[in-house]
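Hi everyone, thanks for making time this morning. I'd like to walk you through a model that is new to most of you, so let's put it on the screen.

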Amino acid sequence: MILSVSEAQKRAGEVFPIALEESLAPESYARGTIRFASPVRLNGTYTFDGKSFHVVATAEVAYDAVCARCNKPFVESLSFPIDEHFVRDIAWEADQDVYPYTHEQLDLGKAFWDNLYLHLPLVSLCKPDCKGLCPVCGADRNTEPCACQSEIGSGPFGALQQLLNENKEV
């Protein structure tokens, strides 16, 4: 995601628009591989203050995901903000909270990936009210009822609740 900034370097203080769309290859990371279902969109603005660039944008992505409850694949959409500073490569140090740039281009790729990883959900759900799979028989509760549902109480402590119900003195 390369942004040409030659005009902004000549006109410090002006606000310039960003409108990028790019198809990205699958990328491996800690939880697996992210595969984009459509091109990534980046819309926002950038300014040059004479020394550094300030980029404020919104990224929109759609990627292949698997529901954490029913294990069905689906396409998940995500929109997240990017608010980053870019300084000339000469002044950049690895421990700074900025990104380097060289010549007349900003490479927004690293900033995009860093912000994407921060905004990816811990779990993906195909729909907010997904009923998931039955823990006993494995039936998809979204499409078919099963007789096992009443055997285990709802929630993560359902089995403990059954023990309490058996021993009323507690």
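Let's begin with the largest cavity, which is lined by Val55, Ile82, Phe86, Leu108, Ala111 and Phe112. Please keep in mind throughout that this is a predicted model. The volume of this largest cavity is about 30 Å³, and a search of the whole structure turns up one cavity of 30 Å³ or more. What kinds of residue make up its lining? By class there are six nonpolar residues, no polar ones and no charged ones. Two elements, β7 and α2, each supply at least two residues of that lining.

One of the lining residues deserves a second look: Phe112. If we set aside neighbours within four places in sequence, Phe112 touches Met1, Leu24, Phe36, Val40, Ala59, Val61, Phe80 and Ile82. That brings us to the core. The largest nonpolar core holds 37 residues, and Phe36, Phe112 and Leu116 have the most contacts inside it. Where do these residues come from? Elements that give two or more residues to the core are β2 (15-22), β5 (40-48), β6 (52-66), β7 (73-88), β8 (99-101) and α2 (109-119). With seven residues, β6 provides the largest share.

Now for the open space. The largest pocket has a volume of about 190 Å³. It is lined by 13 residues, and Tyr29, Arg31, Thr33, Asp64 and Ala65 are the closest to its centre. Two or more lining residues come from each of β4 (32-34) and β6. You'll recognise β6 from the core; here, too, β6 gives the largest share, four residues of the pocket lining. And the chemistry? The pocket lining has seven nonpolar, two polar and four charged residues, whereas the cavity lining has six nonpolar residues and neither polar nor charged ones.

Next, the cysteines. How many disulfides are there? The count comes to zero. Cys126, for instance, is in no disulfide, and the nearest cysteine sulfur, in Cys67, is 3.7 Å away. Cys126 is partly exposed, at 32% relative accessibility. Why is Cys137 not bonded to Cys134? The sulfur of Cys134 is the closest cysteine sulfur to that of Cys137, but the two are 3.8 Å apart, so they are too far from each other for a bond; the cut-off for a disulfide is 2.5 Å. Cys137 also counts as partly exposed, with a relative accessible area of 43%.

Last stop: the backbone. As a reminder, most residues other than glycine have a negative phi. Which residues go the other way here? Asn71 is one of them, with a positive phi of about 65° although it is not a glycine. You can find Asn71 in the loop between β6 and β7. Is Asn71 buried or exposed? Asn71 is exposed, with a relative accessible area of 56%.

His103 is another residue with a positive phi, near 55°, and again not a glycine. His103 sits in the loop between β8 and β9 (105-107). At 64% relative accessibility, His103 is exposed as well.

If you'd like one residue to take away, make it Phe112, which lines the largest cavity and is among the residues with the most contacts inside the largest nonpolar core. Thanks for listening, and I'm happy to go back to any part of the picture.

Conventions:
Residues numbered from 1 in each chain as written. Predicted model: local features only at pLDDT ≥ 70, side-chain atom pairs only at ≥ 80, totals over all residues. Heavy atoms only, no water. Core = buried A, V, L, I, M, F, W, Y, C linked by side-chain atoms within 4.5 Å. Buried < 20%, exposed > 50% of the residue type's maximum accessible area, 1.4 Å probe, protein only. Contact = heavy atoms within 4.5 Å. 1 Å grid on protein atoms, 1.4 Å probe; cavity = no way out; pocket = protein on both sides within 12 Å on 5 of 7 lines; lining within 4 Å. Points joined across faces, edges and corners; volume = space filled by probe spheres on them. Nonpolar A, V, L, I, M, F, W, Y, C, P; charged D, E, K, R; others polar.
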